[in-house]
2 protein chains.
Amino acid sequence: MTEPPEIPKLRIVLVHPQHPGNIGAAARAMKTMGFSDLVLVAPREFPHPNAEAMAAGAGDVLAAARVCSTLAQAVGDCTRVVATTSRARSLSLPVFEPREWAPRWASGALGRQVALLFGSERVGLTNEVLDSCQETVSIPGDPRYAVLNLGQAVQVLCYELRVTQAPALARPAPDHEPVEQAELERFFAHLEDVLIGLAFLDPDNPRLLMRRLRRLFARAAPDFNEINILRGILTAVEDRIDRPPA
Amino acid sequence: MTEPPEIPKLRIVLVHPQHPGNIGAAARAMKTMGFSDLVLVAPREFPHPNAEAMAAGAGDVLAAARVCSTLAQAVGDCTRVVATTSRARSLSLPVFEPREWAPRWASGALGRQVALLFGSERVGLTNEVLDSCQETVSIPGDPRYAVLNLGQAVQVLCYELRVTQAPALARPAPDHEPVEQAELERFFAHLEDVLIGLAFLDPDNPRLLMRRLRRLFARAAPDFNEINILRGILTAVEDRIDRPPA
């Protein structure tokens, strides 16, 4: 067996994992499929002997895991932030099955640094976390009980990504490089400021409109040039807002 | 979401499993993918609270698991007995990857009752057990560390079998319906008016910026609701533009 050609980077992000054993199982799942970039957002208990026990031969992946207190720190440098869920959500992010999503990732279409988020064992991913995501991967299972264990969900995704890796030659030349998440967040903050200045946000539910706009721009996955244009427009609007009313 | 059509029977056989937690994890992995026939050959400890804990919502699969003292009892009624391994064996049984093997199973070519054997955590499947097998499925992994946890190996196989045999599962109805082109053109015309009002378009090349913005919003494929929001923002900006300079 030869090594596969160079592939896009993948970061596995566990958001608020509750059981240390699952962190170790996730590390092992990753290593068996050739992945190593593990980030933990506010784990309940870590490090922990159960994590080490379940990691088995993947102790190096576990030891190199980065612990962050916020999601923003975990994915700030990512070009695409992708939620994993086991059920349809009301929020209409695009939903892919792993087999559809793997070639998207492998083609490089999602940029050079992709984050795959797994929610906590108890509550999954919250709507607040989903607001930071641009698309969703959902593992198809028996609808009567499709609740995979965290470590097993990581295993399925990593397996699918390894098996489906496209050969480098088949990749389209990237003419579009989505910006990092932190850049996108700065744009959203700017946009929100301007909409407040325009008195456009619904004072009764200011977050609803921003959520819709986030979803819209997430689908577009703007590149650096486009973000510059959009922020230039916002600045031009701000110049008008600052003028006193006629 | 509809149920997939009838599929061949699959029995998961764990041969000498050492850790009860892994038995529970295997039961859960099976149930998430719609399988329920679990047989344990001479488990070291079973039943056990750890098995129940790891089974989570798959307690019914665990409770119905049959315990045998010999492999012969476990697979006597099977039409095909298939070993899972993580590495090539000297024994020259045919070796399939899960993605190749799943259609073999789903087609019915292996008969009405197929057993998939998983070895113990420590030694895998012994040569004696392999003597009772007719073919092998090997999960491809990173050759540097391809040792999947037992529960995770069961998960990968059950996932592969479900995905490969299931017809495209019914997708949730899309709640995102991109607008017609004419609607999009009205939005672009409105946007261009506002950008001219803001003196934001490059007078030397006014079409270049619009082309970039068209490309951005084309990727997003806005729906009617989103177009309404965007045009509402443009109208709010126009109100400011119409005011005389300070």
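Here a biologist and a modeller talk through a predicted model of two chains, A and B.

Biologist: Happy to look at this with you! How many residues does chain A bring to the contact with chain B?

Modeller: Let's take the area first: about 6000 Å² is buried between chain A and chain B, and carbon and sulfur atoms give 61% of that. On the residue side, chain B supplies 70 residues to the contact. For chain A the number is 71 residues.

Biologist: Which element gives the largest share of the side of chain A that touches chain B?

Modeller: Polar links first: 20 residue pairs are in polar contact between chain A and chain B. The elements giving two or more residues to chain A's side are α1 (20–32), α2 (49–55), α5 (98–106), α7 (150–164), α8 (181–197), α9 (206–220) and α10 (224–241). With 10 residues, the largest share belongs to α10(A).

Biologist: And how many of the residues on that side of chain A are nonpolar?

Modeller: Let's sort them by class. The side of chain A that touches chain B has 17 charged and 15 polar residues. The nonpolar ones number 39.

Biologist: Which residue of chain A meets B:E226 in a salt bridge?

Modeller: Three salt bridges are found across the interface of chain A and chain B. In one of them, a side-chain N to O distance of 3.9 Å falls within the 4 Å limit. The partner of B:E226 there is A:R215.

Biologist: Lovely. Now to the sheet in chain A: which strands stand at its edges?

Modeller: Seven strands with parallel pairing form an open sheet in the order β3-β2-β1-β6-β4-β7-β5 of chain A. Each edge strand has a single partner, so one side of each is left without a neighbour in the sheet. Those strands are β3 (66–68) and β5 (95–96) of chain A.

Biologist: How many of the residues of β6 in chain A are buried?

Modeller: This strand, residues 113–118, has partners in the sheet: β1(A) pairs with β6(A) over six bridges, and β4 (residues 80–85) of chain A pairs with β6(A) over four. A:Q113, A:A115 and A:L117 point one way, while A:V114, A:L116 and A:F118 point the other way, and all are buried. The count for β6(A) is six of six.

Biologist: Which residue is the bridge partner of A:I12 in β2(A)?

Modeller: Strand β1 (residues 9–15) of chain A runs parallel to β2 (residues 37–41) of chain A, and five bridges link them. In β2(A), A:I12 is partnered by A:L38.

Biologist: Over in chain B, which residue of β3(B) stands opposite B:V39?

Modeller: Strand β2 (residues 37–41) of chain B and β3(B) run parallel, joined by three bridges. In the chain B sheet, β3 (66–68) is an edge strand, pairing on one side only. Opposite B:V39 stands B:R66.

Biologist: Is A:P140 buried or exposed?

Modeller: A:P140 sits in the loop between β7 (135–138) and α7 of chain A. Its C-alpha atom is 7.4 Å from that of A:S86, although 54 residues separate the two along the chain. The relative accessible area of A:P140 is 10%, under the 20% cut-off, so A:P140 is buried.

Biologist: One more, please: which residue of chain B is in contact with A:G34?

Modeller: A:G34 lies in the loop between α1 and β2 of chain A and is partly exposed, with a relative accessible area of 33%. Within chain A, leaving aside neighbours within four places in sequence, A:G34 is in contact with A:R162. From chain B, the contacting residue is B:D142.

Note on methods. Residues numbered from 1 in each chain as written. Chains lettered and ligands numbered in written order. Predicted model: local features only at pLDDT ≥ 70, side-chain atom pairs only at ≥ 80, totals over all residues. Heavy atoms only, no water. Contact = heavy atoms within 4.5 Å. Buried area = accessible area lost by both parts, 1.4 Å probe. Polar contact = N/O pair within 3.5 Å; in protein donor to acceptor, adjacent residues only side chain to side chain. Nonpolar A, V, L, I, M, F, W, Y, C, P; charged D, E, K, R; others polar. Pairing = 2+ DSSP bridges. Buried < 20%, exposed > 50% of the residue type's maximum accessible area, 1.4 Å probe, protein only.
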